[in-house]
Amino acid sequence: MITSMGVFIGLTLVLFGGCAFMTGQALSASWRPWWHTVPYALLLAAADRFLGFALFGGDLLSLAGFALDGAILVAIALGAWRLTRARRMAEQYPWLVERTGPFTWRDLPRQAQ
């Protein structure tokens, strides 16, 4: 049985999306590489599938459901990772880089000595 849209929004986007966001922030704040977010987000997707099954009677072993949940949670975690990395680079190295957007920064021109 497929869970409802409300369960998907509440469980996947709100609850586990928030967890994925915090996971991305924590990994970026500890200077871990971006690819570390993928296995953690997939573990969150597995927990999301289990809670959907246990609490709302959803399908536990749905490959399509796991792929959808995993893709969304990986995207949220990677977005949070990049957002935090851009902020940290601009705050920690203001003489080297400047922030150009929420996800980007650029090197400052070097001054002739």
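# A spread-out chain of three helices and two strands

Trainee: Which side chain of opposite charge is nearest to Arg-88, and how far away is it?

Mentor: Arg-88 is buried yet has no salt bridge. Buried means under 20% relative accessible area, exposed over 50%, and partly exposed in between (1.4 Å probe, protein chains only). A salt bridge needs a side-chain nitrogen of Lys or Arg within 4 Å of a carboxyl oxygen of Asp or Glu; Lys and Arg count as positive, Asp and Glu as negative, with His and the chain ends not counted. The nearest opposite charge to Arg-88 lies outside that limit: Glu-91, 5.9 Å away.

Trainee: What kind of model is this?

Mentor: Residues are numbered from 1 along each chain as its sequence is written, and side-chain values use heavy atoms, leaving out hydrogens and water. Local features need pLDDT of at least 70, side-chain atom pairs count only at pLDDT 80 or more, and totals for chains, interfaces and linings use all residues, for this is a predicted model.

Trainee: Where is Arg-88 found, and which residues is it in contact with beyond four places in sequence?

Mentor: Arg-88 sits in helix 3, residues 63–92. Helices (H or I, at least four residues) and strands (E, at least two) are DSSP runs, numbered from the N terminus. Contact means heavy atoms within 4.5 Å. Leaving out neighbours within four places, the partners of Arg-88 are Ala-29, Trp-31 and Tyr-93.

Trainee: In what order do the elements of the chain run?

Mentor: The chain has three helices and two strands. Read from the N terminus, the order is α-α-α-β-β.

Trainee: What is the radius of gyration of the chain, and what does the globule rule give for 113 residues?

Mentor: The radius is taken over C-alpha atoms, and the globule rule is 2.2 Å times the number of residues to the power 0.38. The chain is well over the value from the rule, so it is more spread out than a compact globule. The C-alpha trace spans about 70 × 20 × 20 Å along its principal axes. The two values are 18 Å for the chain and 13 Å for the rule.

Trainee: How much of the chain counts as buried?

Mentor: Residues 24 or more positions apart account for 59% of the contacts with a separation of 6 or more. The buried share of the 113 residues is 29%.

Trainee: Which helix gives the most to the largest nonpolar core?

Mentor: A nonpolar core is a set of buried Ala, Val, Leu, Ile, Met, Phe, Trp, Tyr and Cys residues joined through side-chain atoms within 4.5 Å. The largest one has ten residues: Val-7, Leu-11, Phe-16, Ala-20, Ala-41, Leu-44, Ala-45, Leu-73, Val-74 and Ala-77. Helix 1 (5–29), helix 2 (37–56) and helix 3 each give two or more. The top contributor, with four residues, is helix 1.

Trainee: Which residues does Ala-41 touch, not counting those up to four places away?

Mentor: Ala-41 belongs to the largest nonpolar core. Its partners also belong to that core. They are Leu-73, Val-74 and Ala-77.

Trainee: How far apart in sequence are the parts tied together by Arg-49 and Asp-69?

Mentor: Their side chains meet in a salt bridge (3.3 Å, N to O), one of three in the structure. Both residues are buried. Arg-49 lies in helix 2 and Asp-69 in helix 3, so the pair ties together parts separated in sequence by 20 residues.

Trainee: How far apart in sequence are Glu-91 and Arg-87?

Mentor: These side chains also form a salt bridge (3.4 Å, N to O). Glu-91 is exposed at 54%, and Arg-87 is partly exposed at 33%. Both lie in helix 3, about one turn apart, a separation of four residues.

Trainee: Which residue forms a salt bridge with Glu-98?

Mentor: The closest N and O atoms of this pair are 2.2 Å apart. Glu-98 is partly exposed at 28%. Its partner is Arg-106.

Trainee: Which residues is Thr-100 in contact with, leaving aside neighbours within four places?

Mentor: Thr-100 lies in the loop between strand 1 (97–99) and strand 2 (105–107). It is partly exposed, at 45%. Its contacts are Trp-105 and Arg-106.

Trainee: Are the rings of Tyr-93 and Trp-95 stacked or edge-to-face?

Mentor: Rings of Phe, Tyr and Trp (its six-membered ring) pair if their centres lie within 6.5 Å; planes under 30 degrees apart are stacked, over 60 edge-to-face, the rest tilted. That rule gives one aromatic pair. Its centres are 5.9 Å apart and its planes at 80°, so the rings of Tyr-93 and Trp-95 are edge-to-face.
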